[in-house]
Amino acid sequence: MRLVQLTIPAGKRETILDALDDEEVDYVVTDETSGREFTGVVYFPLPSNAVEPVLDRLQEEGVSDDAYTVVVDAETVISRKFDRLEERYATDDVEEDRISRQELRTEADEMTPTFWIYVTMTLISAFVATAGLLLDSPAVVVGSMVIAPLIGPALGASVGTVVNDEEMVREGLAYQALGIGLAIAGSAVLAWLLKTANLVPPGLTLTSVGEINERLAPDLLSLIIALGAGVAGVLSLSTGVSTALVGVMIAAALIPPAAAAGIALAWGLPLAGLGSTVLVLVNITSVNLAGLVTLWYMGYRPGEWFEEAAAQQKLLRNAALFGVAMVVLSSFLVGTSVTAFQTATFETEVEQDLGELLDDPAHEEYRLLSVQVEMTENFPFRHQDRVIVTVGRTGEAASQSAVTDEIYAVVDGHSEREVSVQVRYVDIDQRGGEFEPEPRVDRPAVGVPA
(Lines give C-alpha, C1' and ligand atoms only; values in the text may rest on other atoms or scores of the structure.)
Protein backbone atom coordinates (compact mmCIF):
# COMPACT_ATOMS: atom_id res chain seq x y z
CA MET A 1 0.00 0.00 0.00
CA ARG A 2 1.13 3.53 -0.73
CA LEU A 3 0.25 7.01 0.54
CA VAL A 4 0.49 9.66 -2.19
CA GLN A 5 0.97 13.34 -1.41
CA LEU A 6 0.38 15.64 -4.37
CA THR A 7 0.55 19.43 -4.64
CA ILE A 8 -2.38 20.91 -6.56
CA PRO A 9 -1.47 23.51 -9.24
CA ALA A 10 -3.48 26.72 -9.33
CA GLY A 11 -6.67 26.29 -11.32
CA LYS A 12 -6.51 22.47 -11.26
CA ARG A 13 -8.13 21.79 -7.89
CA GLU A 14 -11.56 20.74 -9.13
CA THR A 15 -10.13 18.84 -12.10
CA ILE A 16 -7.82 16.75 -9.91
CA LEU A 17 -10.47 16.05 -7.28
CA ASP A 18 -12.98 15.05 -9.96
CA ALA A 19 -10.40 12.64 -11.42
CA LEU A 20 -9.85 11.08 -7.99
CA ASP A 21 -13.62 10.76 -7.54
CA ASP A 22 -13.86 9.03 -10.92
CA GLU A 23 -11.14 6.60 -9.81
CA GLU A 24 -13.07 6.04 -6.53
CA VAL A 25 -10.06 7.13 -4.50
CA ASP A 26 -10.57 8.37 -0.94
CA TYR A 27 -8.61 11.58 -0.29
CA VAL A 28 -7.97 14.46 2.09
CA VAL A 29 -7.21 18.01 0.92
CA THR A 30 -5.36 20.74 2.78
CA ASP A 31 -4.67 24.30 1.70
CA GLU A 32 -1.20 25.32 0.54
CA THR A 33 -0.22 28.69 2.09
CA SER A 34 3.38 29.08 0.94
CA GLY A 35 2.33 31.67 -1.64
CA ARG A 36 3.61 29.66 -4.58
CA GLU A 37 1.72 28.49 -7.69
CA PHE A 38 0.12 25.63 -5.76
CA THR A 39 -3.17 26.04 -3.91
CA GLY A 40 -3.41 22.81 -1.94
CA VAL A 41 -2.09 19.37 -1.11
CA VAL A 42 -4.12 16.20 -1.59
CA TYR A 43 -3.38 12.98 0.31
CA PHE A 44 -4.75 9.63 -0.82
CA PRO A 45 -3.94 5.95 -0.21
CA LEU A 46 -3.56 3.52 -3.10
CA PRO A 47 -2.79 -0.15 -3.64
CA SER A 48 0.77 -0.49 -4.93
CA ASN A 49 -0.29 -1.45 -8.44
CA ALA A 50 -2.77 1.44 -8.63
CA VAL A 51 -0.16 4.18 -8.16
CA GLU A 52 1.00 4.21 -11.78
CA PRO A 53 -2.41 4.38 -13.52
CA VAL A 54 -3.77 6.97 -11.07
CA LEU A 55 -0.71 9.22 -11.38
CA ASP A 56 -0.84 8.85 -15.17
CA ARG A 57 -4.49 9.92 -15.09
CA LEU A 58 -3.68 12.97 -12.94
CA GLN A 59 -0.85 13.89 -15.28
CA GLU A 60 -3.30 13.83 -18.16
CA GLU A 61 -5.50 16.20 -16.15
CA GLY A 62 -2.74 18.78 -15.92
CA VAL A 63 -0.41 17.81 -13.06
CA SER A 64 3.04 18.64 -14.43
CA ASP A 65 6.48 17.52 -13.30
CA ASP A 66 6.81 20.84 -11.45
CA ALA A 67 4.28 19.62 -8.89
CA TYR A 68 5.58 17.78 -5.86
CA THR A 69 4.49 14.15 -5.79
CA VAL A 70 5.63 12.03 -2.85
CA VAL A 71 4.88 8.30 -2.63
CA VAL A 72 5.56 6.59 0.70
CA ASP A 73 4.80 3.16 2.18
CA ALA A 74 1.59 2.83 4.16
CA GLU A 75 1.53 0.06 6.73
CA THR A 76 -2.22 -0.02 7.29
CA VAL A 77 -5.24 1.67 5.71
CA ILE A 78 -8.63 1.23 7.35
CA SER A 79 -11.30 2.32 4.93
CA ARG A 80 -14.17 0.56 3.18
CA LYS A 81 -13.58 2.67 0.12
CA PHE A 82 -9.95 1.58 0.05
CA ASP A 83 -11.00 -2.06 0.34
CA ARG A 84 -13.17 -1.65 -2.74
CA LEU A 85 -10.27 0.01 -4.53
CA GLU A 86 -8.03 -2.96 -3.71
CA GLU A 87 -10.63 -5.35 -5.11
CA ARG A 88 -10.87 -3.26 -8.26
CA TYR A 89 -7.14 -3.47 -8.94
CA ALA A 90 -6.75 -7.08 -7.81
CA THR A 91 -5.47 -9.35 -10.58
CA ASP A 92 -4.10 -12.85 -10.85
CA ASP A 93 -0.95 -11.95 -12.76
CA VAL A 94 2.42 -10.50 -11.88
CA GLU A 95 1.26 -6.89 -12.36
CA GLU A 96 -0.71 -7.00 -9.12
CA ASP A 97 2.46 -7.05 -7.03
CA ARG A 98 4.62 -4.64 -9.00
CA ILE A 99 5.34 -1.07 -7.94
CA SER A 100 4.68 1.93 -10.14
CA ARG A 101 6.92 3.10 -12.94
CA GLN A 102 7.68 6.26 -10.98
CA GLU A 103 8.78 4.29 -7.90
CA LEU A 104 10.77 1.88 -10.05
CA ARG A 105 12.90 4.68 -11.47
CA THR A 106 13.52 6.10 -8.02
CA GLU A 107 14.46 2.69 -6.60
CA ALA A 108 16.86 2.03 -9.48
CA ASP A 109 18.49 5.44 -9.05
CA GLU A 110 18.98 4.98 -5.32
CA MET A 111 20.56 1.54 -5.74
CA THR A 112 23.59 3.00 -7.53
CA PRO A 113 25.91 4.70 -5.02
CA THR A 114 27.92 7.83 -5.75
CA PHE A 115 30.96 7.43 -7.99
CA TRP A 116 33.68 7.25 -5.36
CA ILE A 117 31.66 5.03 -3.05
CA TYR A 118 31.01 2.72 -6.00
CA VAL A 119 34.70 2.61 -6.93
CA THR A 120 35.79 2.01 -3.34
CA MET A 121 33.26 -0.72 -2.61
CA THR A 122 34.01 -2.47 -5.90
CA LEU A 123 37.75 -2.51 -5.20
CA ILE A 124 37.20 -3.73 -1.64
CA SER A 125 34.97 -6.56 -2.84
CA ALA A 126 37.55 -7.48 -5.50
CA PHE A 127 40.36 -7.49 -2.90
CA VAL A 128 38.34 -9.68 -0.54
CA ALA A 129 37.43 -12.05 -3.40
CA THR A 130 41.11 -12.28 -4.39
CA ALA A 131 42.13 -13.17 -0.85
CA GLY A 132 39.30 -15.69 -0.58
CA LEU A 133 40.25 -17.39 -3.84
CA LEU A 134 43.93 -17.62 -2.93
CA LEU A 135 42.98 -18.97 0.50
CA ASP A 136 40.57 -21.40 -1.16
CA SER A 137 37.94 -20.16 1.30
CA PRO A 138 34.31 -20.20 0.10
CA ALA A 139 33.23 -18.18 3.16
CA VAL A 140 35.55 -15.29 2.30
CA VAL A 141 34.46 -15.37 -1.35
CA VAL A 142 30.83 -15.13 -0.27
CA GLY A 143 31.77 -12.18 1.94
CA SER A 144 33.13 -10.36 -1.12
CA MET A 145 29.78 -10.78 -2.85
CA VAL A 146 27.88 -9.19 0.03
CA ILE A 147 29.72 -5.87 -0.25
CA ALA A 148 29.81 -5.65 -4.05
CA PRO A 149 27.66 -2.73 -5.31
CA LEU A 150 26.98 -4.13 -8.79
CA ILE A 151 23.23 -4.68 -8.58
CA GLY A 152 22.34 -0.98 -8.99
CA PRO A 153 23.98 -0.37 -12.40
CA ALA A 154 22.88 -3.79 -13.69
CA LEU A 155 19.21 -3.09 -12.97
CA GLY A 156 19.43 0.64 -13.72
CA ALA A 157 20.34 0.01 -17.35
CA SER A 158 17.34 -2.28 -17.79
CA VAL A 159 14.95 0.14 -16.10
CA GLY A 160 16.26 3.05 -18.18
CA THR A 161 15.65 1.10 -21.38
CA VAL A 162 12.00 0.23 -20.70
CA VAL A 163 11.09 3.75 -19.51
CA ASN A 164 13.09 5.40 -22.32
CA ASP A 165 15.59 7.17 -20.06
CA GLU A 166 18.82 7.38 -22.07
CA GLU A 167 20.80 8.95 -19.24
CA MET A 168 19.95 6.06 -16.89
CA VAL A 169 20.92 3.54 -19.57
CA ARG A 170 24.27 5.19 -20.25
CA GLU A 171 25.07 5.50 -16.57
CA GLY A 172 24.11 1.88 -15.87
CA LEU A 173 26.23 0.49 -18.71
CA ALA A 174 29.18 2.76 -17.90
CA TYR A 175 29.13 1.79 -14.23
CA GLN A 176 28.96 -1.91 -15.12
CA ALA A 177 31.97 -1.63 -17.45
CA LEU A 178 33.84 0.38 -14.83
CA GLY A 179 33.02 -2.12 -12.09
CA ILE A 180 34.21 -5.14 -14.08
CA GLY A 181 37.38 -3.35 -15.19
CA LEU A 182 38.15 -2.27 -11.62
CA ALA A 183 37.52 -5.76 -10.26
CA ILE A 184 39.89 -7.43 -12.73
CA ALA A 185 42.59 -4.75 -12.46
CA GLY A 186 42.36 -4.50 -8.68
CA SER A 187 42.57 -8.27 -8.28
CA ALA A 188 45.55 -8.46 -10.63
CA VAL A 189 47.44 -5.77 -8.71
CA LEU A 190 46.72 -7.29 -5.29
CA ALA A 191 47.58 -10.82 -6.45
CA TRP A 192 50.86 -9.61 -7.96
CA LEU A 193 51.78 -7.82 -4.73
CA LEU A 194 50.97 -10.91 -2.65
CA LYS A 195 53.02 -13.08 -4.97
CA THR A 196 55.96 -10.66 -5.03
CA ALA A 197 55.95 -10.35 -1.25
CA ASN A 198 55.87 -14.16 -0.90
CA LEU A 199 52.61 -14.00 1.04
CA VAL A 200 51.37 -16.99 -0.93
CA PRO A 201 53.13 -20.37 -1.01
CA PRO A 202 56.06 -20.32 -3.46
CA GLY A 203 55.37 -22.23 -6.64
CA LEU A 204 51.62 -22.18 -6.07
CA THR A 205 49.78 -23.46 -9.16
CA LEU A 206 46.36 -21.96 -9.74
CA THR A 207 44.85 -25.29 -10.73
CA SER A 208 45.69 -26.68 -7.29
CA VAL A 209 43.29 -24.18 -5.68
CA GLY A 210 39.74 -25.44 -6.00
CA GLU A 211 38.02 -22.02 -5.80
CA ILE A 212 40.23 -20.71 -8.62
CA ASN A 213 40.36 -23.84 -10.76
CA GLU A 214 36.59 -24.05 -11.15
CA ARG A 215 36.47 -20.50 -12.53
CA LEU A 216 39.36 -20.82 -14.97
CA ALA A 217 37.44 -23.32 -17.09
CA PRO A 218 33.73 -22.49 -16.56
CA ASP A 219 30.96 -24.48 -18.17
CA LEU A 220 27.56 -23.68 -19.62
CA LEU A 221 25.78 -24.17 -16.29
CA SER A 222 27.24 -20.81 -15.21
CA LEU A 223 24.58 -19.15 -17.38
CA ILE A 224 21.88 -20.30 -14.96
CA ILE A 225 23.37 -18.15 -12.21
CA ALA A 226 23.42 -15.00 -14.34
CA LEU A 227 19.99 -15.44 -15.90
CA GLY A 228 18.47 -16.29 -12.54
CA ALA A 229 20.16 -13.28 -10.96
CA GLY A 230 18.81 -10.95 -13.64
CA VAL A 231 15.23 -12.17 -13.34
CA ALA A 232 15.32 -12.29 -9.53
CA GLY A 233 16.87 -8.83 -9.36
CA VAL A 234 14.16 -7.25 -11.48
CA LEU A 235 11.38 -9.07 -9.64
CA SER A 236 12.71 -7.96 -6.26
CA LEU A 237 13.14 -4.37 -7.46
CA SER A 238 9.76 -4.12 -9.17
CA THR A 239 7.80 -5.65 -6.28
CA GLY A 240 9.47 -3.63 -3.54
CA VAL A 241 11.08 -6.70 -1.98
CA SER A 242 14.55 -6.37 -0.44
CA THR A 243 17.23 -6.68 -3.10
CA ALA A 244 20.08 -7.41 -0.68
CA LEU A 245 20.20 -11.16 -1.26
CA VAL A 246 19.67 -10.75 -5.01
CA GLY A 247 22.58 -8.33 -5.05
CA VAL A 248 24.73 -11.10 -3.61
CA MET A 249 23.54 -13.40 -6.40
CA ILE A 250 24.47 -10.88 -9.11
CA ALA A 251 27.83 -10.31 -7.44
CA ALA A 252 28.32 -14.09 -7.35
CA ALA A 253 28.10 -14.10 -11.13
CA LEU A 254 30.60 -11.27 -11.57
CA ILE A 255 33.06 -10.68 -8.71
CA PRO A 256 34.69 -14.13 -8.17
CA PRO A 257 35.33 -14.82 -11.88
CA ALA A 258 36.65 -11.27 -12.32
CA ALA A 259 39.00 -11.83 -9.39
CA ALA A 260 40.09 -15.18 -10.86
CA ALA A 261 40.89 -13.44 -14.15
CA GLY A 262 42.98 -10.86 -12.28
CA ILE A 263 44.86 -13.58 -10.39
CA ALA A 264 45.63 -15.40 -13.65
CA LEU A 265 47.06 -12.18 -15.09
CA ALA A 266 49.22 -11.70 -12.01
CA TRP A 267 50.56 -15.24 -12.46
CA GLY A 268 51.46 -14.46 -16.07
CA LEU A 269 48.79 -16.79 -17.47
CA PRO A 270 46.57 -14.63 -19.71
CA LEU A 271 45.06 -17.68 -21.45
CA ALA A 272 44.10 -19.08 -18.06
CA GLY A 273 42.31 -15.82 -17.30
CA LEU A 274 40.50 -15.93 -20.64
CA GLY A 275 37.94 -18.43 -19.35
CA SER A 276 37.11 -16.29 -16.31
CA THR A 277 36.93 -13.12 -18.40
CA VAL A 278 34.53 -14.72 -20.86
CA LEU A 279 32.46 -15.96 -17.92
CA VAL A 280 32.20 -12.40 -16.56
CA LEU A 281 31.14 -11.05 -19.97
CA VAL A 282 28.60 -13.83 -20.49
CA ASN A 283 27.16 -13.25 -17.03
CA ILE A 284 26.88 -9.49 -17.35
CA THR A 285 25.13 -9.72 -20.73
CA SER A 286 22.81 -12.40 -19.35
CA VAL A 287 21.88 -10.26 -16.33
CA ASN A 288 21.04 -7.31 -18.59
CA LEU A 289 19.09 -9.41 -21.08
CA ALA A 290 17.08 -11.12 -18.34
CA GLY A 291 16.35 -7.74 -16.75
CA LEU A 292 15.08 -6.21 -20.00
CA VAL A 293 12.81 -9.10 -20.88
CA THR A 294 11.39 -9.40 -17.35
CA LEU A 295 10.60 -5.69 -17.03
CA TRP A 296 8.86 -5.58 -20.39
CA TYR A 297 6.90 -8.72 -19.57
CA MET A 298 5.75 -7.11 -16.31
CA GLY A 299 4.20 -4.28 -18.29
CA TYR A 300 6.57 -1.38 -17.66
CA ARG A 301 6.39 1.29 -20.35
CA PRO A 302 7.32 4.99 -20.69
CA GLY A 303 4.95 7.57 -19.23
CA GLU A 304 3.98 9.11 -22.57
CA TRP A 305 2.31 6.96 -25.23
CA PHE A 306 4.39 8.51 -28.01
CA GLU A 307 7.55 7.35 -26.23
CA GLU A 308 6.43 3.73 -26.10
CA ALA A 309 7.33 2.95 -29.71
CA ALA A 310 10.80 4.43 -29.25
CA ALA A 311 11.30 2.55 -26.00
CA GLN A 312 10.18 -0.70 -27.59
CA GLN A 313 12.58 -0.17 -30.49
CA LYS A 314 15.46 0.47 -28.11
CA LEU A 315 14.53 -2.53 -25.99
CA LEU A 316 14.48 -4.81 -29.04
CA ARG A 317 17.80 -3.36 -30.20
CA ASN A 318 19.48 -3.76 -26.80
CA ALA A 319 17.96 -7.20 -26.24
CA ALA A 320 19.23 -8.30 -29.65
CA LEU A 321 22.72 -6.98 -28.91
CA PHE A 322 22.82 -8.66 -25.50
CA GLY A 323 21.37 -11.85 -26.96
CA VAL A 324 23.89 -12.06 -29.79
CA ALA A 325 26.77 -11.31 -27.42
CA MET A 326 25.52 -13.96 -25.00
CA VAL A 327 25.21 -16.59 -27.74
CA VAL A 328 28.66 -15.82 -29.18
CA LEU A 329 30.35 -15.85 -25.78
CA SER A 330 28.40 -18.91 -24.70
CA SER A 331 29.97 -20.87 -27.55
CA PHE A 332 33.16 -20.68 -25.51
CA LEU A 333 31.37 -22.13 -22.50
CA VAL A 334 29.97 -24.88 -24.71
CA GLY A 335 33.55 -25.80 -25.66
CA THR A 336 34.71 -25.98 -22.06
CA SER A 337 31.57 -27.93 -21.10
CA VAL A 338 32.23 -30.50 -23.82
CA THR A 339 35.85 -30.79 -22.71
CA ALA A 340 34.81 -31.29 -19.09
CA PHE A 341 32.22 -33.89 -20.09
CA GLN A 342 34.71 -35.81 -22.19
CA THR A 343 37.23 -35.80 -19.34
CA ALA A 344 34.67 -37.01 -16.82
CA THR A 345 33.50 -39.72 -19.21
CA PHE A 346 37.09 -40.79 -19.87
CA GLU A 347 37.88 -41.06 -16.17
CA THR A 348 34.68 -42.98 -15.37
CA GLU A 349 35.13 -45.46 -18.22
CA VAL A 350 38.81 -46.04 -17.46
CA GLU A 351 38.08 -46.64 -13.79
CA GLN A 352 35.21 -49.00 -14.60
CA ASP A 353 37.22 -51.05 -17.12
CA LEU A 354 40.29 -51.21 -14.88
CA GLY A 355 38.09 -52.39 -12.04
CA GLU A 356 36.72 -55.18 -14.22
CA LEU A 357 40.23 -56.06 -15.38
CA LEU A 358 41.63 -56.43 -11.90
CA ASP A 359 38.52 -58.20 -10.61
CA ASP A 360 39.29 -61.04 -13.00
CA PRO A 361 40.32 -64.21 -11.11
CA ALA A 362 43.58 -64.19 -13.07
CA HIS A 363 44.52 -61.02 -11.19
CA GLU A 364 43.11 -61.89 -7.79
CA GLU A 365 46.25 -60.61 -6.04
CA TYR A 366 45.64 -57.07 -7.37
CA ARG A 367 43.06 -54.49 -6.36
CA LEU A 368 42.33 -51.16 -8.03
CA LEU A 369 42.72 -48.40 -5.45
CA SER A 370 42.31 -45.20 -7.47
CA VAL A 371 42.48 -43.59 -10.89
CA GLN A 372 43.72 -40.01 -11.08
CA VAL A 373 43.63 -37.94 -14.25
CA GLU A 374 45.99 -34.99 -14.53
CA MET A 375 45.22 -32.25 -17.02
CA THR A 376 47.43 -30.10 -19.22
CA GLU A 377 47.93 -26.43 -18.40
CA ASN A 378 46.77 -25.39 -21.87
CA PHE A 379 43.90 -23.17 -20.84
CA PRO A 380 41.10 -22.76 -21.49
CA PHE A 381 40.58 -26.08 -23.28
CA ARG A 382 42.55 -28.57 -21.24
CA HIS A 383 42.87 -32.25 -21.99
CA GLN A 384 44.21 -35.38 -20.35
CA ASP A 385 47.96 -35.33 -19.86
CA ARG A 386 48.68 -38.18 -17.48
CA VAL A 387 46.76 -40.99 -15.84
CA ILE A 388 47.98 -42.27 -12.48
CA VAL A 389 46.65 -45.71 -11.57
CA THR A 390 47.22 -46.93 -8.03
CA VAL A 391 46.98 -50.69 -7.59
CA GLY A 392 47.01 -52.59 -4.32
CA ARG A 393 49.05 -55.77 -4.29
CA THR A 394 48.42 -58.59 -1.83
CA GLY A 395 50.17 -61.90 -1.20
CA GLU A 396 52.69 -63.31 -3.65
CA ALA A 397 52.06 -61.21 -6.71
CA ALA A 398 53.20 -62.36 -10.10
CA SER A 399 55.24 -60.26 -12.49
CA GLN A 400 53.88 -56.71 -12.66
CA SER A 401 54.91 -56.03 -16.23
CA ALA A 402 52.05 -58.01 -17.75
CA VAL A 403 49.48 -56.27 -15.58
CA THR A 404 51.01 -52.89 -16.39
CA ASP A 405 50.76 -53.61 -20.11
CA GLU A 406 47.09 -54.51 -19.74
CA ILE A 407 46.42 -51.35 -17.73
CA TYR A 408 48.13 -49.23 -20.36
CA ALA A 409 46.09 -50.91 -23.09
CA VAL A 410 42.83 -50.08 -21.27
CA VAL A 411 43.77 -46.42 -20.82
CA ASP A 412 45.07 -46.11 -24.38
CA GLY A 413 41.85 -47.61 -25.72
CA HIS A 414 39.76 -44.82 -24.17
CA SER A 415 42.03 -41.90 -24.98
CA GLU A 416 41.79 -40.02 -28.28
CA ARG A 417 45.29 -38.62 -27.82
CA GLU A 418 48.50 -39.98 -26.43
CA VAL A 419 48.69 -39.76 -22.65
CA SER A 420 51.33 -40.96 -20.25
CA VAL A 421 50.31 -43.70 -17.86
CA GLN A 422 51.87 -44.17 -14.46
CA VAL A 423 51.06 -47.32 -12.50
CA ARG A 424 51.83 -47.31 -8.80
CA TYR A 425 51.84 -50.53 -6.84
CA VAL A 426 51.15 -50.49 -3.14
CA ASP A 427 51.85 -53.53 -0.98
CA ILE A 428 48.91 -54.44 1.21
CA ASP A 429 49.46 -56.58 4.27
CA GLN A 430 46.12 -57.43 5.80
CA ARG A 431 45.36 -60.06 8.39
CA GLY A 432 41.82 -61.10 9.08
CA GLY A 433 38.71 -60.23 7.09
CA GLU A 434 38.49 -59.54 3.41
CA PHE A 435 40.20 -56.66 1.69
CA GLU A 436 37.88 -53.94 0.44
CA PRO A 437 39.25 -50.92 -1.40
CA GLU A 438 38.31 -47.50 -0.09
CA PRO A 439 35.19 -46.03 -1.68
CA ARG A 440 35.80 -43.70 -4.54
CA VAL A 441 35.79 -39.98 -3.78
CA ASP A 442 34.18 -37.97 -6.56
CA ARG A 443 36.53 -35.50 -8.14
CA PRO A 444 35.87 -32.39 -10.24
CA ALA A 445 34.77 -33.07 -13.77
CA VAL A 446 37.90 -31.45 -15.16
CA GLY A 447 40.13 -33.93 -13.37
CA VAL A 448 42.64 -33.53 -10.59
CA PRO A 449 45.37 -30.99 -11.37
CA ALA A 450 49.04 -31.76 -11.10
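This is a conversation about how features of a predicted model get their labels.

Biologist: Let's start with the salt bridges; how many does the structure hold?

Modeller: There are six salt bridges in this predicted model. One of them joins Asp31 to Arg13.

Biologist: What makes Asp31 and Arg13 a salt bridge?

Modeller: Their closest N and O atoms are 3.4 Å apart, and the cut-off is within 4 Å, so the pair qualifies. The two residues sit in distant parts of the chain, with Asp31 in strand S2 (residues 28-31) and Arg13 in helix H1 (residues 13-22), 18 residues apart.

Biologist: Why is Asp31 called exposed?

Modeller: Its relative accessible area is 57%. Exposed means over 50%, so Asp31 earns the word. Its partner Arg13 has 27%, and a value between 20% and 50% is called partly exposed.

Biologist: Which residues are linked in a network of salt bridges?

Modeller: The network consists of Asp22, Glu23 and Arg57. Asp22 reaches Arg57 with its closest N and O atoms 3.2 Å apart. Asp22 belongs to helix H1 and Arg57 to helix H2 (residues 51-60), so this bridge ties together parts 35 residues apart in sequence. For Glu23 and Arg57, the closest N and O atoms are 3.1 Å apart. Glu23 is in the loop between H1 and S2, 34 residues from Arg57. Both distances are within 4 Å, so both pairs count as salt bridges.

Biologist: Is Glu23 buried or exposed?

Modeller: Glu23 is buried. Its relative accessibility is 11%, and buried means under 20%. Asp22, at 51%, counts as exposed because the cut-off is over 50%. Arg57 has 21%, which makes it partly exposed.

Biologist: Now to the surface. Which residues gather in the patch of negative charge?

Modeller: The patch brings together Glu107, Asp109, Glu110, Glu167 and Glu171. Helix H4 (101-111) and helix H8 (166-196) each supply at least two of its residues, and H4 gives the most, with three.

Biologist: What makes Glu107 accessible enough for that patch?

Modeller: Glu107, which lies in helix H4, has a relative accessible area of 37%. Patch residues need over 30%, so Glu107 passes that test while being called partly exposed.

Biologist: And which residues make the nonpolar surface patch?

Modeller: Val189, Trp192 and Leu193 make it, and its area is about 310 Å². Leu193 is found in helix H8. At 45% relative accessibility, Leu193 is over the 30% needed for a patch, so it can take part, and it counts as partly exposed.

Biologist: Let's look inside helix H3 (residues 80-89); which residues are buried there?

Modeller: Phe82, Leu85 and Tyr89 are the buried ones.

Biologist: How do you know that the buried residues of H3 line one face of the helix?

Modeller: Looking down the axis of H3, they fall within an arc of 55°, so they share one face. On the other side of H3, Arg80 and Glu87 are exposed. There is a general reason behind such spacing: an α-helix has 3.6 residues a turn, so residues three or four places apart point the same way.

Biologist: What are the buried residues of H6?

Modeller: In H6, Val141, Ser144 and Met145 are buried. They cover an arc of only 100° around the axis, which puts them on the same side of H6. The other side of H6 has Ala139 and Val146 exposed.

Biologist: One last topic, the backbone. What is the phi of Asp136?

Modeller: Asp136 has a positive phi of about 55°, although it is not a glycine. Asp136 is found in the loop between helix H5 (115-135) and helix H6 (138-147). Its relative accessible area of 36% makes Asp136 partly exposed.

Biologist: Where does Asn198 lie, and why is it called exposed?

Modeller: Asn198 lies in the loop between H8 and helix H9 (210-216). Its relative accessible area is 58%, and exposed means over 50%, so the label fits. The phi of Asn198 is near 60°, again a positive value in a residue other than glycine.

Definitions and conventions. Residues are numbered from 1 along each chain as its sequence is written. This is a predicted model: local features need pLDDT of at least 70, side-chain atom pairs count only at pLDDT 80 or more; totals for chains, interfaces and linings use all residues. Side-chain values use heavy atoms; hydrogens and water are left out. Patches are made of residues with over 30% relative accessible area and no salt bridge: like charges are joined within 9 Å, nonpolar side chains (Val, Leu, Ile, Met, Phe, Trp, Tyr) within 5 Å. Accessible areas come from the Shrake-Rupley method with a 1.4 Å probe; for residues, only the protein chains shown count as cover. A salt bridge is a side-chain nitrogen of Lys or Arg within 4 Å of a carboxyl oxygen of Asp or Glu. Lys and Arg count as positive and Asp and Glu as negative; His and the chain ends are not counted. The place of a charge is taken as NZ of Lys, CZ of Arg, CG of Asp or CD of Glu. Helices (H or I, at least four residues) and strands (E, at least two) are DSSP runs, numbered from the N terminus. Buried means under 20% relative accessible area, exposed over 50%, partly exposed in between (1.4 Å probe, protein chains only). The arc is that of the directions from the helix axis to the C-beta atoms.
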